Amino acid sequence: MRMRGSITLQLCLVLGLILSLVLYSIRSVRIAEGRVLLSGAAEQSLYSLFAQYDRDLYREYGLLFLDGGYNGRDLQLGALCREAEEAAEYIVYPGKGRGFSSGQSLGGLELTGCQVTGYLLATDNGGGAFRRQVLGIMEDTLGARALEALREQLTKGLDTVEEQEAYWERTDPEGVMRQYRELKGQGTAGGPEMTAGYRGSVRTDLTAESEEAPPEEFENPIDAVENLQKMGLLRSAIPRGASVSGQSLDPEDLPGSRTLQKGMGLVQEAEAGAADRFLLLEYLVENFPCYTSQDQGEGLRYQVEYAIGGKDSDPENLKAVLTRLLLIREASNFIYLMSDQEKSAQADSTALIICTLLLVPEMKDLVSLALKLCWAYGESIMDLRALLQGGKIPLVKDRDSWQLSLGSLAGMLFGLEGESKGSQEGLDYTWYLRLLLCLESSESLTGSLMDLTEHNVRVRRERPDFSLDSCLDVLEIQLTGVVDGQELKLTRSYGYDMEE
């Protein structure tokens, strides 16, 4: 009997150990199952959230961001957590209602909470996420070959512009005109008889061979151009019959000026590529209107010009762009005048007439140089008018593309010079804008793009509180749950650029 009892006791001990092992294994399986279930719930909640990407941003600009402000200006982390919880419940509590207390879950998992542990906003790190998406869009759109062609063309154009502007600076146009004004003051100091007959009809038949005496009535082209400059650039350069938009914006309400909300816990640093600037400016030109665009939409009309001028209104931005284009065209036109023997001879003949009237014939070279500067200015105004009318102007002029005769300079003040004709070859207005945009940094272009994108969504989509710094690119959440008394925590993150 003692032997049988001892065997029974031994079996009980062994069976107790086996049962403990089985129960521990079952619990381990349930916990593992809970982890898998929690992982699926976390991924489901993130997929559900990011499926609600902002439709306006995607349709208009191809950008994928989640509006975490729900059309408001402030990021709503609480609302994001609630949506994540509700989406997770469909995995943990299949077929049940919403709320953690409704019914039993698969595997006995009970959700106990959800919190946001990290997120990256569109505007973080100087708009790094925004810029990354734009670059990806343009790389897919252009392709490597088209991008390289664009880069080569713009680089070549910039080199030409820089060479012309260097020559222009060496000429010192301001110094030349200042000397001319001093000379004119000295020449007319003797009394009104020195300028008798100085103004009158426009003389248009001056040539290099002209040896006639000064005409009785003569309009000084230099004075006419100086009066033209006093009119203001917008009045003189805008084609007749055209109007200028008066739209403006509040700079304090744009991402580039206000204090932005910041992300938390996540940092993505992208290396700057050599082609970034070209991709950004091409995206800007293709997706935002300028002066010559057919469909400018609501709000700010000259948006590419805003990226260059950075002013608060359309007139100010257009003036800033035209001022810079004027400098480019003046340098180019002046260089051509200096190289054209026939036009140089016309300028010399007219300069001799002016010097004779001023009684300073020995200063003909200075006056001739001032006259060429004014002639280059007048031709540049004609170039701007042609560009704003949708025409083309080559970076380097030749005889066929030159528009303005010397005798027509004075008539520009009264609109007597005729319409600008432009050229069949050359660059149009948008290409000149590309050249100016090349001078901006990638950071500056990104900031302008964010300003314009937010402005357009607010104005054109009637969402006045939309804010880019409430838009999420990446979100990280932590779900917690309990299985058989064991607390489980799982962290998952998701973003639109993540690879599966």
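Colleague: How many aromatic pairs does the structure hold?

Modeller: This is a predicted model, and the structure holds twelve aromatic pairs.

Colleague: Let's take Y61 and F288. Why is this aromatic pair called stacked?

Modeller: The planes of Y61 and F288 are 10 degrees apart. Planes under 30 degrees apart count as stacked, so the pair earns that name. The rings lie 5.1 Å centre to centre, and a pair needs centres within 6.5 Å.

Colleague: What makes this pair tie together parts that are apart in sequence?

Modeller: Look at where each residue lies: Y61 is in helix α2 (residues 55-61), while F288 is in the loop between α8 and α9, so the pair ties together parts 227 residues apart in sequence.

Colleague: How do you know whether Y61 and F288 are buried or exposed?

Modeller: Buried means under 20% relative accessible area. Y61 has 6% relative accessibility, so Y61 counts as buried. F288 has 3%, so F288 is buried too.

Colleague: Which residues do ring pairs link into a cluster?

Modeller: That cluster is made of Y47, F50, Y494 and Y496.

Colleague: Now the helices. Why are α8 and α13 called oblique to each other?

Modeller: Helix α8 (residues 276-287) and helix α13 (residues 429-438) pack at about 140 degrees. Roughly antiparallel would need an angle over 145, and roughly perpendicular runs from 65 to 115. The angle fits neither, so the two helices are oblique. Their axes are 10 Å apart, and the crossing is right-handed.

Colleague: What kinds of residues make up the contact of α8 with α13?

Modeller: Six are nonpolar, one is polar and three are charged.

Technical notes: Residues numbered from 1 in each chain as written. Predicted model: local features only at pLDDT ≥ 70, side-chain atom pairs only at ≥ 80, totals over all residues. Heavy atoms only, no water. Axes fitted to C-alpha atoms, helices over the stretch in contact; angles between N-to-C directions. Helix = DSSP H or I, 4+ residues; strand = E, 2+ residues; numbered from the N terminus. Parallel < 35°, antiparallel > 145°, perpendicular 65-115°, else oblique. Left-handed = near helix turned anticlockwise from the far one by under 90°. Nonpolar A, V, L, I, M, F, W, Y, C, P; charged D, E, K, R; others polar. Phe/Tyr/Trp six-rings, centres within 6.5 Å; stacked < 30°, edge-to-face > 60°. Buried < 20%, exposed > 50% of the residue type's maximum accessible area, 1.4 Å probe, protein only.
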